[in-house]
There are 2 protein chains.
Amino acid sequence: MSFAPSLYLVTDTAQCGDRGVPAVVRAAVAGGVDAVQVRAKHGSDRDRLALVVAVRDVLAGTGVPLLVNDAVDVALIAGVDGVHLGQSDLPAEDVRRIAPDLLIGLSVSGVEQARRVDPAVVDHLGVGPVRDTATKPDAAAALGADGVRAVVAASPVPCVAIGGIHPDNLDSLRDTGITGFCVVSEICGAADPERAARELLASWRRA
Amino acid sequence: MSFAPSLYLVTDTAQCGDRGVPAVVRAAVAGGVDAVQVRAKHGSDRDRLALVVAVRDVLAGTGVPLLVNDAVDVALIAGVDGVHLGQSDLPAEDVRRIAPDLLIGLSVSGVEQARRVDPAVVDHLGVGPVRDTATKPDAAAALGADGVRAVVAASPVPCVAIGGIHPDNLDSLRDTGITGFCVVSEICGAADPERAARELLASWRRA
């Protein structure tokens with residue numbers, strides 16, 4: 001399965017608030033989000049599975065792929081499309097062995113990490129952070145657009161940009177070679193997630 | 001695979017201290033431990049996998065089965081014998097679906113939970129806590145020996161007791177129907193884990 005989304009939503013349960021993650025995902029997809037990753041660091045594994053299943057059910061029939069952050073067992077049980085791994089998560093080559101059919105995304109924050117990627121194992125990269133962001137205070141140093149471009153050039157697989165992406169810096173990412181970009185706060189924290197998604201996508205396509 | 005250990009060690013990384021978990025496991029097995037569960041709630045998934053692999057290598061050739069607490073993906077990747085699930089971990093029936101060959105242990109703290117166990121899914125139960133324990137401050141109310149006996153009677157699969165087990169209350173567990181018992185602190189916190197294991201086992205067999 002190829003994976004080249006334009007607007008990739010990564011969920012933040014706290015930011016979705018009382019609306020709940022599934023409702024925000026539904027609205028975001030109506031606004032044009034074309035890939036979703038459930039990221040749920042807190043709570044029990046059982047709660048995490050329930051959340052992933054609820055989002056999976058919202059996405060059923062939409063054709064929008066669903067990935068799960070970190071929890072390969074949850075992804076396998078829920079029967080979603082893929083997992084997204086960080087550099088301190090389970091090694092991608094090990095995950096590929098137990099999950100031959102899952103899309104595997106990997107976070108990279110520099111050229112060396114991108115060069116080491118085996119395209120037989122990893123399907124796509126999340127490259128970032130583009131700018132410093134409050135969502136992930138432990139993230140690596142911001143790459144900027146030039147840094148993103150260098151990582152994409154070094155990558156053997158398609159890349160999306162992530163981290164600190166706003167309508168006002170989308171233009172700078174245009175010619176970096178990314179297929180699209182991830183957002184968290186810009187949609188999960190928006191009063192109107194559908195509208196936020198539509199505006200982000202319009203900005204991206206306009207430039 | 002049947003699973004009916006006498007002395008089942010559950011690891012606590014902090015209590016093992018500078019000796020490291022693998023060295024404590026090696027000593028404990030020399031003292032008679034006949035099943036090991038790696039429980040590692042902190043740290044990254046990658047660290048957890050490295051710990052499980054190190055313990056697996058210590059146990060290679062000993063015939064002592066190794067289970068992993070919670071992390072089914074880690075268990076599958078490391079190729080260990082089983083997983084141990086709590087009531088808020090992934091549901092056992094879902095885990096059985098993605099891991100047909102793993103031993104599955106489940107924690108239960110009362111008769112109703114034991115009655116609901118499907119022996120086609122779950123291989124054995126950890127019944128407890130026997131007494132209140134500092135290792136798991138969020139545990140359910142202590143069962144005492146009578147409570148353990150009632151849970152074992154309600155269970156369709158073999159049971160081990162866990163939680164607050166010391167040499168001085170082993171006798172009371174004798175006729176509860178358990179195959180054996182789990183310890184954490186009594187071995188991981190012991191100055192001489194091999195001797196601690198040997199003495200626990202001698203107490204258990206003596207009575």
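**Close-up 1. Lys136(A), a loop residue that counts as partly exposed.** In this predicted model, Lys136(A) has a relative accessibility of 35%. Look for Lys136(A) in the loop of chain A that runs between β6 (124–127) and α7 (144–154). The UniProt annotation "binding site", which comes from an unreviewed entry, covers Lys136(A) along with other residues, including Asn69(A) and Ser107(A).

**Close-up 2. Asn69(A) and its contacts in chain A.** Here's another residue from that "binding site" annotation in UniProt. Asn69(A) sits in strand β3, which spans residues 66–69 of chain A. Is Asn69(A) buried or exposed? With a relative accessible area of 9%, Asn69(A) is buried. Once you set aside neighbours within four places in sequence, Asn69(A) is in contact with Gln37(A), Val38(A), Arg39(A), Lys41(A) and His84(A). Of these, Gln37(A), Val38(A), Arg39(A) and Lys41(A) also appear in the UniProt annotation. Zoom in on the side chains of Asn69(A) and Gln37(A), and you'll find a polar contact of 2.7 Å joining them.

**Close-up 3. Gln37(B) and its surroundings in chain B.** Now hop over to chain B, where Gln37(B) belongs to strand β2 (residues 35–38). Gln37(B) counts as buried, because its relative accessibility is 2% and the cut-off for buried is under 20%. What does the side chain of Gln37(B) join through a polar contact? The partner is the side chain of Asn69(B), at 2.7 Å. Leaving out neighbours within four places in sequence, Gln37(B) is in contact with Tyr8(B), Leu9(B), Val10(B) and Thr11(B), and also with Leu67(B), Val68(B), Asn69(B) and His84(B).

**Close-up 4. Phe181(A) and Trp204(A), an edge-to-face pair.** Searching the whole structure turns up 4 aromatic pairs over all chains. In the pair shown here, the ring centres of Phe181(A) and Trp204(A) are 5.4 Å apart and the ring planes meet at 65°, so the pair is edge-to-face. The two partners come from distant parts of the chain, 23 residues apart: Phe181(A) is in strand β8 (residues 180–183), while Trp204(A) is in helix α10 (residues 193–206). Phe181(A) counts as buried at 0% relative accessibility, and Trp204(A) counts as buried at 8%.

**Close-up 5. Phe3(B) and Tyr8(B), an edge-to-face pair in chain B.** How far apart are the ring centres of Phe3(B) and Tyr8(B)? They're 5.3 Å apart, and with the planes at 75° the pair is edge-to-face. Phe3(B) counts as buried at 6% relative accessibility, and Tyr8(B) is buried with a relative accessible area of 1%. You've met Tyr8(B) already: it's one of the contacts of Gln37(B).

**Close-up 6. Arginines over tryptophan rings in chains A and B.** In chain A, Arg174(A) lies over the face of Trp204(A), 4.4 Å from the ring centre. In chain B, Arg174(B) lies over the face of Trp204(B), with 4.4 Å to the ring centre.

**Close-up 7. Cysteines without a disulfide.** How many disulfides does the structure hold over all chains? The count is 0. For Cys16(A), the nearest cysteine sulfur belongs to Cys188(A) and is 3.8 Å away. That pair isn't a disulfide, because the two sulfur atoms would have to be within 2.5 Å. Cys159(A) is in no disulfide either, and its nearest cysteine sulfur, that of Cys182(A), is 11 Å away. Cys16(A) counts as buried at 2% relative accessibility, and Cys159(A) also counts as buried, at 2%.

Technical notes:
Residues numbered from 1 in each chain as written. Chains lettered and ligands numbered in written order. Predicted model: local features only at pLDDT ≥ 70, side-chain atom pairs only at ≥ 80, totals over all residues. Heavy atoms only, no water. Buried < 20%, exposed > 50% of the residue type's maximum accessible area, 1.4 Å probe, protein only. UniProt positions renumbered as here; feature names shortened; annotations may be inferred. Helix = DSSP H or I, 4+ residues; strand = E, 2+ residues; numbered from the N terminus. Contact = heavy atoms within 4.5 Å. Polar contact = N/O pair within 3.5 Å; in protein donor to acceptor, adjacent residues only side chain to side chain. Phe/Tyr/Trp six-rings, centres within 6.5 Å; stacked < 30°, edge-to-face > 60°. Lys NZ or Arg CZ within 6 Å of the ring centre and 35° of its normal.
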